[in-house]
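Here is an informal walk through one model, taken a spot at a time. Keep the viewer open and click along.

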Amino acid sequence: MFPELLKHEFERFYSTKPAGIYFCPGRVNLIGEHIDYNGGLVMPCAINMGTFLVMAPNTCGKFRIRSLNFDEHLEIPVADRYKKIGGLWYNYPLGIIDRLAVAGSRPGGVDLLYFGNLPIGSGLSSSASIEVLTAFALNDYFGLGYDRLGLVKLAKETENHFIGVNSGVMDPFAVVFGMKDMAMVLNCQDLTCKQVSFGLDDRILAIVNSNKPHNLAESKYNERVRECNVALGLLNRYIRVENLCQVTPCQLEAYKDSIPDQTIYNRARHVVEENERVNKAAKLLKESNIGAFGELMYQSHHSLKELYEVTGIELDSIVEFSQGWEGVIGARMTGAGFGGCAIALVEKDAFPAYSNALIDFYEDRIGYKPSIYQCAVSDGVNWLRC
Ligand code: GLA
């Protein structure tokens with residue numbers, strides 16, 4: 001339905017036929033939060049919600065960038081470099097176009113029309129979805145020569161150097177390499193990745209959107225990255241490690257006094273222990289021990305709440321409620337936090353009653369409703385038949 005609507009709107013806006021249609025998913029992260037930029041292990045999977053793009057080359061020598069989700073649109077001549085324009089959504093495609101230009105790839109003018117069904121800015125990687133989608137489509141259509149890993153790196157560079165968020169590699173990697181019914185165990189230090197079967201069978205993977213806008217996310221996110229770097233610098237006076245995830249829990253305990261600031265120590269502790277949790281979670285998933293896997297999800301959330309301080313009352317309420325509901329296997333926040341979404345693994349039979357009760361509980365406590373989606377684990381970015 002979305003591609004048909006988008007094709008129709010494309011012709012209306014640009015008075016020309018589409019030349020290519022593409023889709024890029026969003027992602028949830030099952031466990032391993034805020035450790036990708038510390039060289040750790042993460043376990044994301046791509047989901048069946050994401051962003052569609054219809055495109056065609058034009059002869060007016062411009063990039064014309066529109067979305068059905070936003071009123072703001074951009075028309076900008078083909079040039080050697082671009083700068084971020086305010087805080088608007090089209091900076092994501094513009095950033096990709098800029099990074100491609102820096103790398104020497106300058107497709108001519110292109111008309112682009114996007115539509116996404118991911119809630120925006122809610123921790124499901126709507127930004128990586130648009131970035132990767134743009135890079136994939138331009139690369140595919142104009143034969144720019146990037147392989148999939150090259151696209152991941154391009155999207156990460158865009159986020160870090162054009163958008164200005166010091167995010168890690170997890171999101172672009174997840175939406176590029178996602179596979180149906182598989183979770184990936186990604187080592188963010190060397191980018192090796194193992195796909196582990198994650199068929200849901202009699203379970204539902206629910207996304208619970210707190211509907212709290214995460215406005216402070218970018219500045220707070222960069223603050224956490226800085227805090228981790230401070231911890232690493234202090235530990236490096238005693239042990240030689242390239243990143244925090246190379247530190248074991250025993251080592252951290254042994255060199256505790258090297259980090260006198262309690263907040264910085266707590267950040268490091270979350271990182272080191274979360275990395276261990278992902279290791280355990282990967283083993284449990286292989287053994288199909290989903291109950292123990294769910295326990296680790298709760299532990300992860302608890303650590304993000306108490307040690308990393310990126311949750312907030314909205315996400316905590318969702319997880320606290322879920323933990324007390326029979327038939328919920330595990331729940332935790334997903335993504336950067338500071339608002340956004342939580343995920344819950346729920347027995348199919350228990351899901352209807354759980355979701356109704358959660359909506360009531362949350363509205364009573366927070367004052368507005370959450371949104372709950374059932375999601376499927378899906379493939380990464382690809383073209384669709386035109
Ligand atoms: C955001 C970033 C990721 C990752 C998560 C937290 O989604 O883009 O790189 O750091 O937050 O795990």
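Where does Ser15 sit? Ser15 is in the loop between α1 (2–14) and β1. Keep in mind while reading that this is a predicted model.

## Two serines with positive phi

Ser15 has a phi near 50 degrees, which is a positive value in a residue other than glycine. With 68% relative accessibility, Ser15 counts as exposed, because the cut-off for that label is over 50%.

Ser125 also carries a positive phi, about 70 degrees, although it is not a glycine. You will find Ser125 in the loop between β6 and α3. Is Ser125 buried or exposed? Its relative accessible area is 6%, so Ser125 is buried.

## His34 and its surroundings

Next, click on His34, in the loop between β1 (20–29) and β2 (41–42). Being in a loop does not put His34 on the outside here: its relative accessibility is 4%, so it counts as buried.

What does the side chain of His34 reach? One partner is the backbone oxygen of Ala336, at 2.8 Å. The side chain of His34 also makes a polar contact of 2.7 Å with the side chain of Tyr37. Setting aside residues up to four places away in sequence, His34 touches Tyr221, His270, Val271, Leu304, Tyr308, Val310, Gly335 and Ala336. Ala336 therefore turns up both as a touching residue and as the owner of that backbone oxygen.## Asp111 in strand β6

Asp111 is in strand β6 (residues 110–116). Its relative accessible area is 1%, so Asp111 is buried.

Which side chain does Asp111 pair with? A polar contact of 2.6 Å links the side chains of Asp111 and Arg64. Beyond its neighbours within four places in sequence, Asp111 is in contact with Phe10, Tyr14, Thr16, Val54, Met55, Ala56, Asn58 and Arg64.

## Helix α4 and two partners

Now for some helix packing. The axes of α3 (residues 126–142) and α4 (residues 148–163) come within 9 Å and cross at roughly 130 degrees. That angle makes α3 oblique to α4, and the crossing is right-handed. On the α3 side, the contact is made by Ser127, Glu131, Val132, Ala135, Phe136 and Asn139, and on the α4 side by Arg148, Leu151, Leu154, Ala155, Thr158, Glu159 and Ile163. How do the residues of this contact divide? There are seven nonpolar, three polar and three charged.

Helix α2 (residues 91–102) packs on α4 too: their axes come within 9 Å and cross at roughly 105 degrees. That makes α2 roughly perpendicular to α4, because angles of 65 to 115 degrees get that label. From α2, the residues involved are Asn91, Tyr92, Leu94, Gly95, Ile96, Asp98, Arg99 and Leu100. They meet Leu154, Ala155, Glu157, Thr158, Glu159, His161, Phe162 and Ile163 of α4. The residues of this contact split into eight nonpolar, four polar and four charged.

## Thr192, between two strands

Thr192 lies in the loop between β7 (182–187) and β8 (193–197). At 45% relative accessibility, Thr192 counts as partly exposed, because that label covers values between 20% and 50%.

The side chain of Thr192 makes a polar contact of 2.7 Å with the side chain of Asp190. Which residues does Thr192 touch, not counting those up to four places away in sequence? They are Val185, Leu186 and Asn187. Thr192 and Leu41 are 151 residues apart in sequence, yet their C-alpha atoms are 9.8 Å apart in space.

## Ser322 in helix α10

Last stop: Ser322, in helix α10 (residues 313–323). Is Ser322 buried or exposed? Its relative accessibility is 0%, so Ser322 counts as buried.

A polar atom of the Ser322 side chain lies 2.6 Å from the backbone oxygen of Ile318. Leaving out residues up to four places away in sequence, Ser322 touches Tyr298, Val328, Ala331 and Tyr354. Ser322 and Ala357 are 35 residues apart in sequence and 9.9 Å apart in space, C-alpha to C-alpha.

Definitions and conventions:
Residues are numbered from 1 along each chain as its sequence is written. This is a predicted model: local features need pLDDT of at least 70, side-chain atom pairs count only at pLDDT 80 or more; totals for chains, interfaces and linings use all residues. Side-chain values use heavy atoms; hydrogens and water are left out. Helices (H or I, at least four residues) and strands (E, at least two) are DSSP runs, numbered from the N terminus. Buried means under 20% relative accessible area, exposed over 50%, partly exposed in between (1.4 Å probe, protein chains only). Contact means heavy atoms within 4.5 Å. A polar contact is a pair of N or O atoms within 3.5 Å; within protein, one must be able to donate a hydrogen and the other to accept it, and residues adjacent in sequence count only if both atoms are side-chain atoms. Axes are lines fitted to C-alpha atoms, for helices over the stretch in contact, and angles run from 0 to 180 degrees between N-to-C directions. Angles under 35 degrees count as roughly parallel, over 145 as roughly antiparallel, 65 to 115 as roughly perpendicular and the rest as oblique. A crossing is left-handed if the near helix is turned anticlockwise from the far one by less than a right angle, and right-handed if clockwise. Ala, Val, Leu, Ile, Met, Phe, Trp, Tyr, Cys and Pro count as nonpolar, Asp, Glu, Lys and Arg as charged, and the others, Gly among them, as polar.
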